[in-house]
Amino acid sequence: MENRVFNFSAGPSMLPLSVLEKAQSELVSYPSCGMSVMEMSHRSQMFETILAKAKADLKDLMHIPDNYKILFLQGGGSTQFAMIPLNLMGKNKKADYVITGQWAKKAAEEAAKYGEVNVVASSEDSLYNHIPELDPATFSKDADYFYITLNNTVYGARYTELPDTGDVPLVGDMSSSILSEDIDVSKFGILYAGAQKNLGPAGVTVVIIREDLLGNHMDFTPTMLRYDIHAKNDSLYNTPPTYGIYFMGLVFEWVKAQGGVSAIQKINEEKAALLYDYLDSSKLFKGTVVEKDRSMMNAPFVLPTNELNKAFIQEATDAGLVNLKGHRIVGGMRASMYNAMPKEGVEKLVALMKDFEARNQ
Ligand SMILES: *Cc1c(COP(=O)(O)O)cnc(C)c1O
């Protein structure tokens, strides 16, 4: 595929070429069905097989324990900002939040509509360039849950250590880091991720929820926003995003073929090291995140002036390295290196940065 670029977009983002090609080959007629997955009834035997296979593969890949349900929902990551408080705040109407970026902040603001939100810590004052130290003495003992964003897509900081919340269920937004590194699911009450960063096309959201947390919703929770309803109906309460689930299933098969999450993690560590080692040695480019908290998925960096930022982004685009422009709040550049970004893409990026530095001393 000569005309494909290396797409460093933060999301929707690059998908594995072999997966796109497989979907293409099955687009018009799914094997022995004579119709596209898009045309299948969600109640058909064939689609139920696709759904069950996707669930089983994810369970396998993330070593999800038996007492968790896997749900495939709609509404993106952002709908979870409301679903989590609606479904978990039924008891004490109280939750702890750590604010490490815009997504965590939005989640906390949404939860505050339904109950008391205690902000345990925030890194907003330093433009979210690190994960704040957490002091368990400041955690609410009677919180219905404790909320974190595992990887901060916009600012590029990630948790390397999980807070110990005792009996309070830990809830994690993993939208931009799911399947990028091994994680102990049993430490969480809920883990969720929108698909469009590491899993597939936008439109499906994965929710992994511990069974004992089902049924704690507030009385007025809309039916479609109740986890217990979706769990009871195996994500088939209404028409789920069928094509998105099928496509995500292909991505799960691809991750398995790469050797699973640990093998992918190793490649992600290599990709991140390539970029960060160069950033650490460069006199011109600078990473913006505190070293110990740097994300493997989203790496923001800057040049000394806006003119240089612009010139670099243009050169990169001309070289087929696209969507490197930083988030409007941070400026500069952001390289998103999700699972589907080949190592070659990061090698090309670093080579261009070195060359750019040599020419702009
Ligand atoms: C992208 C993203 C979201 C929002 O996802 P939508 O599907 O656009 O609602 C939430 N949290 C994180 C960490 C994200 O990266």
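**View 1. No salt bridges cross the interface of domain 1 and domain 2**. By the rule used here, the count across that interface is zero, where a salt bridge means a side-chain nitrogen of Lys or Arg within 4 Å of a carboxyl oxygen of Asp or Glu. This is a predicted model, so local features need pLDDT of at least 70 and side-chain atom pairs count only at pLDDT 80 or more, while totals for chains, interfaces and linings use all residues. Residues are numbered from 1 along each chain as its sequence is written, and side-chain values use heavy atoms, with hydrogens and water left out. What the two domains do have between them is 14 residue pairs in polar contact, both residues at pLDDT 80 or more. A polar contact here is a pair of N or O atoms within 3.5 Å; within protein, one must be able to donate a hydrogen and the other to accept it, and residues adjacent in sequence count only if both atoms are side-chain atoms. On the side of domain 1 that touches domain 2, helix 6 gives the most, with three residues.

**View 2. The protein is split into domain 1 (18-257) and domain 2 (260-359)**. Those bounds come from an automatic or database domain assignment. Taken over C-alpha atoms, the centres of the two domains are 27 Å apart. Domain 1 puts 27 residues into the contact and domain 2 puts in 24 residues, with contact meaning heavy atoms within 4.5 Å. How much area do domain 1 and domain 2 bury between them? It's about 2,200 Å², with 52% of it on carbon and sulfur atoms. That figure is the accessible area (1.4 Å probe) that two parts lose on being put together, summed over both.

**View 3. The largest nonpolar core has 57 residues**. Look for L58, M62, F72, L179 and Y246, which touch the most other members. A nonpolar core is a set of buried Ala, Val, Leu, Ile, Met, Phe, Trp, Tyr and Cys residues joined through side-chain atoms within 4.5 Å. Buried means under 20% relative accessible area, exposed means over 50%, and partly exposed is in between (1.4 Å probe, protein chains only). Helix 6 (residues 242-257) supplies the largest share of this core, 10 residues. Helices (H or I, at least four residues) and strands (E, at least two) are DSSP runs, numbered from the N terminus. Why does this core lie between domain 1 and domain 2? Because both domains give residues to it.

**View 4. M62 has plenty to touch**. Leaving out residues up to four places away in sequence, M62 touches M174, I178, L179, I183, V185, L191 and I208. Elsewhere there is a second, separate core of 34 residues, and F6, A316, V346 and M353 are among them.

**View 5. Two salt bridges sit within helices**. The side chains of E26 and K22 meet at 3.6 Å, N to O. They are about one helical turn apart, because four residues separate them in helix 1 (residues 17-26). E26 is buried at 9% relative accessible area, whereas K22 is partly exposed at 37%. In helix 7 (residues 261-281), K266 and E270 are also four residues apart, about one turn of the helix. Their closest N and O atoms are 3.3 Å apart. Here K266 is exposed, at 52%, and E270 is partly exposed, at 29%. Shared partners also link K53, D57, D60, E253 and K256 into one salt-bridge network.

**View 6. E110 pairs with K113 in a salt bridge**. The closest N and O atoms of this pair are 3.2 Å apart. E110 is partly exposed, with a relative accessible area of 22%, while K113 counts as exposed at 58%. By the rule, the count of salt bridges comes to 23.

**View 7. A cis peptide bond joins G11 and P12**. Omega is about -10° for this bond. You'll find P12 in the loop between strand 1 (6-7) and helix 1. Most residues other than glycine have a negative phi, and most peptide bonds are trans.

**View 8. Y128 and N323 each have a positive phi**. For Y128, phi is near 55°. Y128 lies in the loop between strand 4 (116-122) and strand 5 (145-149). Is Y128 buried or exposed? At 4% relative accessibility, Y128 counts as buried. For N323, phi is near 65°. N323 is in the loop between strand 11 (321-322) and strand 12 (333-336), and N323 is partly exposed, with a relative accessible area of 45%.
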